[in-house]
Number of protein chains: 2
Amino acid sequence: MKDILGYLKSHEQEFMSELFDYLRIPSISATDANKSDINKAAVFTEKLLKKAGLKNVRQYKTKGNPLVYGEWLGAKGKPTVLIYGHYDVQPPDPLDLWKTAPFEPTIRNGKLFARGAADDKGQVFLHFKAIEAWLKTRKELPLNVKVIVEGEEEIGSPSLGAFIRQQKKLLKCDAILISDTNMEGTNIPSICYSLRGLTYLEMKVTSTKGDLHSGMFGGAVANPIQVLSEILVACKDPKTGKVKIPGFYKDVLPLTKRERANLARVPHDEKKFLRDIGARKAFGEKGYTTLERIGARPTFEVNGIWGGFTGEGVKTVLPAHASAKVSMRLVANQDPNKIARLFMNYVKKIAPDTVKLEVKMYENNGDPALTPLDFPGMKAAANAIRKTFGKDPVFTREGGSIPIVADFQKHLKAYSVLMGFGLPDDNLHAPNEKMNISQIKKGMATIAYFLDDYAQMSASG
Amino acid sequence: MKDILGYLKSHEQEFMSELFDYLRIPSISATDANKSDINKAAVFTEKLLKKAGLKNVRQYKTKGNPLVYGEWLGAKGKPTVLIYGHYDVQPPDPLDLWKTAPFEPTIRNGKLFARGAADDKGQVFLHFKAIEAWLKTRKELPLNVKVIVEGEEEIGSPSLGAFIRQQKKLLKCDAILISDTNMEGTNIPSICYSLRGLTYLEMKVTSTKGDLHSGMFGGAVANPIQVLSEILVACKDPKTGKVKIPGFYKDVLPLTKRERANLARVPHDEKKFLRDIGARKAFGEKGYTTLERIGARPTFEVNGIWGGFTGEGVKTVLPAHASAKVSMRLVANQDPNKIARLFMNYVKKIAPDTVKLEVKMYENNGDPALTPLDFPGMKAAANAIRKTFGKDPVFTREGGSIPIVADFQKHLKAYSVLMGFGLPDDNLHAPNEKMNISQIKKGMATIAYFLDDYAQMSASG
């Protein structure tokens, strides 16, 4: 690998210059005003893929922003890796909190500051350069590579899901490699192997046709806020934190001993964690650590509630309605639609006949995703990390959802390896987003190793 | 009484003309724009009291609108009745729903339409005329009378409470007579002997210093909406409707058999009642009828709740705060401050240590009020009603609060008799407020009888 690492080293200056140009494009997907910048960034991505030596580089039109695709399929009999990333960025507001302009990349103290430096242009760029180093040095890759870069990740990837379903053949692969996450710390390389899914619903309780005077009617009829509270309390045990919807845990893949041992190695300072968010105490499902509860256990949470008089002062009203938004974070192998149905059946069963209960399900549910720890791509990523960082990675489970990962798993029948090189203090979605130069260098090398390791791992597997 | 009833009869035309002039004054207390009308109405009230033959007629300035006072204290050794009413009215909006202008009194089908026709100018006017009939015919009253008419009832009587406390001697009396309520139906004369009190509080549950991402933190910490729901459910039993705050019912004066028999005679069509408000079913404290629950039993109600994301669509937020406004309607002999303290102690005790709970008490609490059924004033009112309406009154308990009645009871140590001549379809606080002419005539006669009956009842008692 000396030749490839040598190429990466000797072209650092040139790469930086290219990355600066990439980051200068304000490819904000949230605002219509930046449509031409989006297109500029898509064209620039094409240019980088071509320069890397990929074939069939092209844009795919969608209802929204274009997808950029490229491939190198010259390794017959070898596995195929699909690399995913995004060229769009978050809006930079509030602008006055940036020390230097968000779209004028600046290096200070070994850190590259710019919107998109870590999320995700700076990270997807590492893949382009690892591929380039291989192809320029060896004229071939050790395996087949497909690259798909989207421009709508920051607005929820509205077009990519349909594209995956329609282009299963184009995107067919054995593993998906994504660098759009963090490491747990500067010297704590991490691989995320699990994401939670989500189902989101809204309940409305109605007791009467209009608000009533609490003096003239108080005591006569059910109070919809009280009834809604009863339903919410019936969904989660106040003592154990267990979700009480019958069947809720049935499909949950339990944590293995090995996984619990792995998660226990993820650095986590409980006191600092609680102090940072201003919580008095942790709370959640009994029998699990905080990281396990966030990453490996499903939850039931009320996201919002409203009803009756909420202004200043006093109004003696018996409200007619009360509503709540609730969501459940799910883990493998829970099915969001099945869980939504269980919830609906349960609350309709327990709601008293004094009120009308309406339940609405939102459509943007997401499946949970889980990559087995013994998946060859996971082993290859761990090997590559060991070579670059000189230590074993920690295996993490994230509490959030990246719906596209579940879509890949569902439609391409392939697992994702989430090997990110960002750091917890990279200020994603915030002013002064940055990526450490040392992470950029290590990231490129790690990916270059991964391509080789996965080719071998998969062959031997 | 023939002479007095004769005077009332022969002056009907003149009285109507005076009442029309009184109702023409748009004495709306809610809007600053009508300050001069308020003063006009106060002056007109003075004029009516003087014409009735009362002495020491004058205005008392307050921080708000003036009080109008008059007295006749020539009945040595006889009891004193304090008559209370108000000259201010509700705003007339929405104006376009009035068939005739709200401040241009109009008679249609034996009904007098105008803002204030029943609430309360039209009713307090009956007292002025009953007194006038006595004094013009007999040159004396059978007992001592004091009249106090306020101009801030529709905005919660902010000045009268302090005035009562400061002017205990001026207002000293044996009974208070108020006509500011309804009869239960055209031929169902009613006397209200009980009003509920109120204590109103607000709770705020805080779990973290800011909203959190429900993916990254869901399962780690307590959800403040969930905790608030748990607290609300711990306050009222979902099955029995009983308030679960320890000591809540301790001071409640239980309903006697006689009271329950009385209340059972109050006309009440449960099906129609529920249909009118659009309720599927009644709900409340087990073991009591709907009218008992509204009039004679205390309640715990949530008046408003809010927390987290309440907009359109989906936001996967773990809220930092959740708040609720709650109030308790109280009955004799519950003390609003004591009940508020019981509530605060209880919720602070049951709130889990995962959150911060703040409880705020609003100041405008009101004591409950109850006039014993064997109070001479009650008996005199029943007698007077019997003479005019030819039947016994029903004795009712109202679920709402008239804080001033509790203030009278507390500071003047005198019971109130709530003998109103309005009807349920009078459209109080609504367009097309009216009072039936037949009720006006019967009302004046009933009050004239009452003065005589109470003088005798009290003497014989």
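Start at the strand pairing between the chains: select residues 299-308 in chain A and in chain B of this predicted model. These are the two E11 strands, and they run antiparallel to each other, joined over five bridges. For a close-up, pick A:Gly307 and look across to B:Ile305 in E11(B), which stands opposite.

Now widen the selection to the whole contact between the chains. On each side you should have 69 residues, 69 of chain B touching 69 of chain A. Which element of chain B gives the largest share of its side? E11(B) does, with nine residues. Other contributors of at least two residues include strand E9 (197-206), helix H8 (224-235) and strand E13 (321-330) of chain B. Colour chain B's side by class and you get 28 nonpolar, 26 polar and 15 charged residues.

Next, stay with chain A and colour its domains: domain 1 covers 2-195 + 368-460, and domain 2 covers 197-252 + 298-361. Their centres, taken over C-alpha atoms, are 41 Å apart. Six residues of domain 1 are in contact with seven of domain 2. On the domain 1 side, three of these residues are nonpolar, three polar and none charged.

Last stop: select helices H3 (residues 35-52) and H4 (residues 121-138) of chain A. Their axes come within 8 Å and cross at roughly 25°, so H3(A) is roughly parallel to H4(A). Show side chains for A:Leu48, A:Leu49, A:Lys51 and A:Ala52 in H3(A), which meet A:Phe128, A:Ile131, A:Glu132 and A:Leu135 in H4(A). By class, that contact has six nonpolar residues, two charged and no polar ones.

Methods:
Residues numbered from 1 in each chain as written. Chains lettered and ligands numbered in written order. Predicted model: local features only at pLDDT ≥ 70, side-chain atom pairs only at ≥ 80, totals over all residues. Domains from an automatic or database assignment. Contact = placed C-beta atoms within 7 Å. Nonpolar A, V, L, I, M, F, W, Y, C, P; charged D, E, K, R; others polar. Axes fitted to C-alpha atoms, helices over the stretch in contact; angles between N-to-C directions. Helix = DSSP H or I, 4+ residues; strand = E, 2+ residues; numbered from the N terminus. Parallel < 35°, antiparallel > 145°, perpendicular 65-115°, else oblique. Pairing = 2+ DSSP bridges.
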